[in-house]
Amino acid sequence: MVKQKLIVIGNGMVGHHFLEQLASRPEKELFDVTVFCAEPRPAYDRVHLSEYFAGRSADDLAMGKIEQYRDWGFELLLNDAAVSIDRKNKVVTSESGAEKSYDKLILATGSYPFVPPIPGHEHEKCFVYRTLEDLDAIRAASEKATTGVVVGGGLLGLEAANALKELGLEAHVVEFAPGLMSVQLDEGGSELLQHKIEDLGVTVHASTATELIEEKDGRLRMQFKGDRELTTDLIVFSAGIRPEDKLAKSAGLQLGERGGIVIDEACRTSDGNIFAIGECALYNNFIYGLVAPGYTMARNTVSILCGEEALFTGADMSTKLKLLGVQVGSIGDAHGRAEGAAAITFVDEQSGVYKRMITDAEGKQLLGAVMVGDTDDYDQLLQYHLNGIELPEQPEQLILPAADGAAPTLGAGALPETATICSCHNVSKGDIVQSVQGGCCSLGEVKDATKASTGCGGCSALLKNVVDEELAALGMEVNNDLCPHFPHTRQEIFHMVQVEEIKTFDELLEKHGRGNGCEICKPTVASILASLWNEHVHEKPHVGLQDTNDTFMANMQKNGSYSVVPRVPGGEITPDKLIVLGQVAKKYDLYTKITGGQRVDLFGARLEQLPEIWRELIDAGFETGHAYGKALRTVKSCVGSTWCRFGVQDSVAMALDVENRYKGLRSPHKIKMAVSGCTRECAEAQSKDVGVIATENGWNLFVCGNGGMRPRHADLFATDLDDETLIKYIDRFLMFYVRTADKLQRTSVWLENLDGGLDYLREVIIDDKLGICDELEAQMANIVGTYQCEWKTAINDPEMLKRFRQFVNTDEPDEKIVFVEERGQPRPAEEEEIVKIAEPA
Amino acid sequence: MNQVAITHTQWQPICQQSDLVADSGVCALVGDDSSGKTSGKKSIALFFIPGAEPQLYAIDNRDPFANAGVIARGIVAEVDGELTVSSPLYKQHFRLSDGVCLEDENVKLATYPTAFDGETVLVSTGPEES
Ligand code: SRM
Ligand SMILES: Cc1cc2nc3c(=O)[nH]c(=O)nc-3n(C[C@H](O)[C@H](O)[C@H](O)COP(=O)(O)OP(=O)(O)OC[C@H]3O[C@@H](n4cnc5c(N)ncnc54)[C@H](O)[C@@H]3O)c2cc1C
Ligand code: SF4
Ligand code: FES
């Protein structure tokens, strides 16, 4: 079979979505795919570009991965723009000189920022805001700046202004039009937005035209029409976008009057073998500057290439977003331009809320809406608008504050099957219902199956409603039971144990469980008991509940021997202690390795040797490192201000304090922490459950990071904390996690599943929204106060020591545990090696 | 308790009841010791479940999947009403009554008759009981 040659020019968000869609279909095999990508890296999430300034890395924002393309069998040419299309011979030539022929060609070249031709606009301190490289340049320039100006008061301009503010600059917005966000908002909305944004410290200059930019005393002077001026250190242009259509133009494809590659309903350009999708495409004389319509074009084009029919007939441009912390929403015909349109407006000047609905003349259909300051009604209004649902008798109720809680709400049930729930991935209510009926019985499974809510995330609340309602309709109950022996979630069990002061597994089983328990509920309950009452794992009622590692307070290795990991708080260790580790390892012939957690692991101890080894370590001042427990592992530190020329706080001292405070805390899964002495972040705090990074003024606290199987960057939780507040927040955070997480759920996954996410977590921990912070702190104080080194207790208790006999009836060692030497150290012998040793030839 | 078996099998006293750990396992070395060498010996896991009937189980200590002597250190787990031990290494379940692995019924650990003689724990390592 001869494959069709398919070329995609542009690897932005839409180009990537196209390839991802194609790769997911069996028809992928029919094509030989080549992708030209002008940027130095594959597609990334431009929508969340600003988060690059808030700590997300280029990797976090990446959408297309090089390995992924390789797996798909697509050829990806990075850093290589296409420079010409020879339509006659169907050949594309690139900057580097590559020539590739095509049968079908996809243009996904996106758009570029429009820079008004103001004299001086090419100054090196003038920037645009579109790529990661743009942001790098802005960041670099901001280091020596105090003031920044954004030219353009649209959606992106305000986002850029926010970024400048976050970079510590005094921010200004210069807008030519009389108001901000004039595309999405009407006059009233725009006015209120301006007030709110000025309250936040961003100066807005509306109705202002810039006539000249010139350098003066090392700064930039902006000359405005009407003799006004402003001095700044850098300028970011965000005055709109223009379709990237140069290539199409030189190839002779039909363009719109003001640019844009003309396409029909099948996304075909004036050449039947060439398609255009995303922000470079002009449909019905309109450029869609949002990602969702681009995704729809991409999906449709894949369908068409696979021989199916799919028509693009325009897309909804409604948006809901938060700009500088102000909620803004715009739906449909926000300006009420349609004939006979009527408006209902609600203004609350005191709390700064503006809402306006546009209805048809009869007040039956919702044509559009604008809201500033409060977008709680957005989802509901959008559904009325998109699905043509008839408005209630008194439509104003939809935007009025619920005086008596009686505002009519549109349940998920009222939506037609065709209602779009997730516009990013074009998932309808019908798709979701189908996936639930097909066996998905949790929100997570529905997300995986349909991709709903995995784009901008704006639809998550609505998606949850639809899923819940559908599950209920099927009479299904989501089964969150811990295991067959406890018809309760971990959180419920935690609560019961706490409220009823239950002290043993048997008591809990009798009151709330059934049967005899298993390897799931026993360790879970043991962990809950430990989190609450902190008794030794070897106390009689608990000893049979533990996983082997907890029982023997060491990690079992593949041949049944154990590893020994003493605590080395903060990774700081004296030479004398280091020598002891070496001596003990030598004496017992243990394999020695520095771990990824800044401490030393001694491997290959036999069960009966563990107490002796620990006695020697404890005599030398060591404590258990809990490497075996679902507990605090290590607090990694960097050397910090004591030695490092960049350090701004004593990160080692803080790491020691933190590690000594939380050591021994039992939790749903292991907990890792780190403290760095400055933003260079040598302790990798942003990959930890709790990360602390020193600032000039104190500490920044990051939470819910994870390395391991699914790495997650920690979120910035609070900034510039003093020592006391830092510890207070960590106390509360950890206890709240311990209380509410599911079994074996790291903080990262816990946060991702927490309704309300990071904002909610802040409300609970910082604002004490639930009124539980005193209790959380008291609970932590109790744990801290009752800490014991479990090994120290064990080696002094003959009853506990009995547990460490290899055989109950003889002192012989287990002769099946055999080691051989490698690189000067022991390692477990392989099976063949054991046979050889047992029967010498 | 395995009263019937006592008359038919070769009982070895292993340890005292106080050496066992309730609802958990310990390990013992059994078998012919006449040679003075341990190589003819077997390590077995003893599980003492006071609330079950019978109360005492003896099963091979060797985990056949990992080829390591660790079964005695597994957690006692009830699966569909049957008592099992879950291997500490890779978590397969072995039925205490007959040693069958629930995840792969072709794999089976040897089991041995057990009994209490007063405080003394007896195990028969002769031909397996049916
Ligand atoms: C020894 C060590 C590797 C080394 O040679 O450096 C290690 C060894 C083990 N890791 Fe690890 N991890 C070690 C650092 C890490 C790190 C790096 C770090 O902590 O900075 C990570 C990634 C960071 C993280 O956890 O976010 C790490 C991610 C894991 C994971 C995956 C966790 C996840 O959330 O995806 C597991 C599996 C699990 O816990 O379920 C795991 C599990 C294990 C276990 C316990 C596997 C097992 O059950 O036998 C290993 C046994 C340790 C032993 O026998 O002593 N280990 N492990 C490191 C011990 C650090 C210490 O001093 O305590
Ligand atoms: C800061 C910011 C915030 C945004 N926020 C939102 C939002 O909240 N919601 C929303 O819906 N949209 C938002 N957008 C818009 C969204 O990012 C775009 O709609 C989307 O990226 C369009 O995708 P695209 O693939 O068409 O274009 P792009 O993502 O621009 O990709 C086009 C790619 O093609 C490359 N290219 C161009 N010419 C060539 C050539 N000749 N050869 C090879 N490669 C070429 C370009 O370098 C680029 O990598 C935002 C944009 C920005 C900049
Ligand atoms: S994080 Fe900063 S203080 Fe710590 S070692 Fe690195 S550069 Fe030095
Ligand atoms: S609408 Fe963006 S993720 Fe669903």
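**How many helices and strands are there in chain B?**

The exercises below concern a predicted model, in which local features need pLDDT of at least 70, side-chain atom pairs count only at pLDDT 80 or more, and totals for chains, interfaces and linings use all residues. Residues are numbered from 1 along each chain as its sequence is written, chains are lettered from A and ligands numbered from 1 in the order in which they are written, and side-chain values use heavy atoms, with hydrogens and water left out.

**Exercise 1. Describe the make-up of chain B.**

Step 1. Chain B contains one helix and twelve strands. Helices (H or I, at least four residues) and strands (E, at least two) are DSSP runs, numbered from the N terminus.

Step 2. Read from the N terminus, the order of elements in chain B is α-β-β-β-β-β-β-β-β-β-β-β-β.

Step 3. Of the 130 residues in chain B, 54% are buried. Buried means under 20% relative accessible area, exposed over 50%, and partly exposed in between (1.4 Å probe, protein chains only).

Step 4. Among the contacts in chain B with a separation of 6 or more, 45% come from residues 24 or more positions apart. A contact means heavy atoms within 4.5 Å.

Step 5. The exposed area of chain B is about 5800 Å², of which carbon and sulfur atoms supply 46%. Such areas come from the Shrake-Rupley method with a 1.4 Å probe; for residues, only the protein chains shown count as cover.

**Exercise 2. Determine how strand β2 of chain B is placed.**

Step 1. In strand β2 (residues 24-30) of chain B, seven of the seven residues are buried, so the strand is largely enclosed by the rest of the structure.

Step 2. In a regular strand the side chains alternate between the two faces of the sheet. In β2(B), B:S24, B:V26, B:A28 and B:V30 point one way, while B:G25, B:C27 and B:L29 point the other way.

Step 3. The partner considered here is strand β3 (residues 42-48) of chain B, which pairs with β2(B) in the antiparallel sense over seven bridges. Two strands pair if DSSP finds at least two bridges between them. Within this pairing, B:V26 has B:L46 as its bridge partner in β3(B).

**Exercise 3. Trace a sheet of three strands in chain A.**

Step 1. The strands form an open sheet in the order β18-β20-β21 (chain A), with mixed pairing.

Step 2. β18 (261-263) and β21 (286-287) of chain A are at the edges with a single partner strand each, so one side of each has no neighbour in the sheet.

Step 3. Strand β20 (residues 281-283) of chain A pairs with β21(A) in the antiparallel sense over two bridges. Here A:Y283 is opposite A:F286 in β21(A).

**Exercise 4. Examine salt bridges and the burial of their residues.**

Step 1. Over all chains, the structure holds 45 salt bridges. A salt bridge is a side-chain nitrogen of Lys or Arg within 4 Å of a carboxyl oxygen of Asp or Glu.

Step 2. A:E39 and A:R46 form one of these, with the closest N and O atoms 3.0 Å apart. A:E39 counts as buried at 18% relative accessibility, and A:R46 counts as buried at 18% too.

Step 3. A:R41 and A:E133 meet in a salt bridge of 2.8 Å, N to O. This pair links distant parts of the chain, 92 residues apart: A:R41 is in the loop between β2 (31-36) and α2 (58-61) of chain A, and A:E133 is in helix α4 (residues 132-142) of chain A. A:R41 is partly exposed at 25% relative accessibility, and A:E133 is partly exposed at 32%.

Step 4. A:K355 and A:D374 form a salt bridge whose closest N and O atoms are 3.6 Å apart. A:K355 lies in strand β25 (residues 353-359) of chain A and A:D374 in the loop between β26 (366-372) and α9 (378-387) of chain A, so the pair ties together parts 19 residues apart in sequence. A:K355 is buried, with a relative accessible area of 5%, and A:D374 counts as buried at 18%.

Step 5. A network of salt bridges links A:E822, A:R823, A:R827 and A:E833.

**Exercise 5. Characterise the surroundings of A:V35.**

Step 1. A:V35 belongs to strand β2 of chain A and counts as buried at 0% relative accessibility.

Step 2. Leaving aside neighbours within four places in sequence, the contacts of A:V35 include A:V8, A:L19 and A:Y69.
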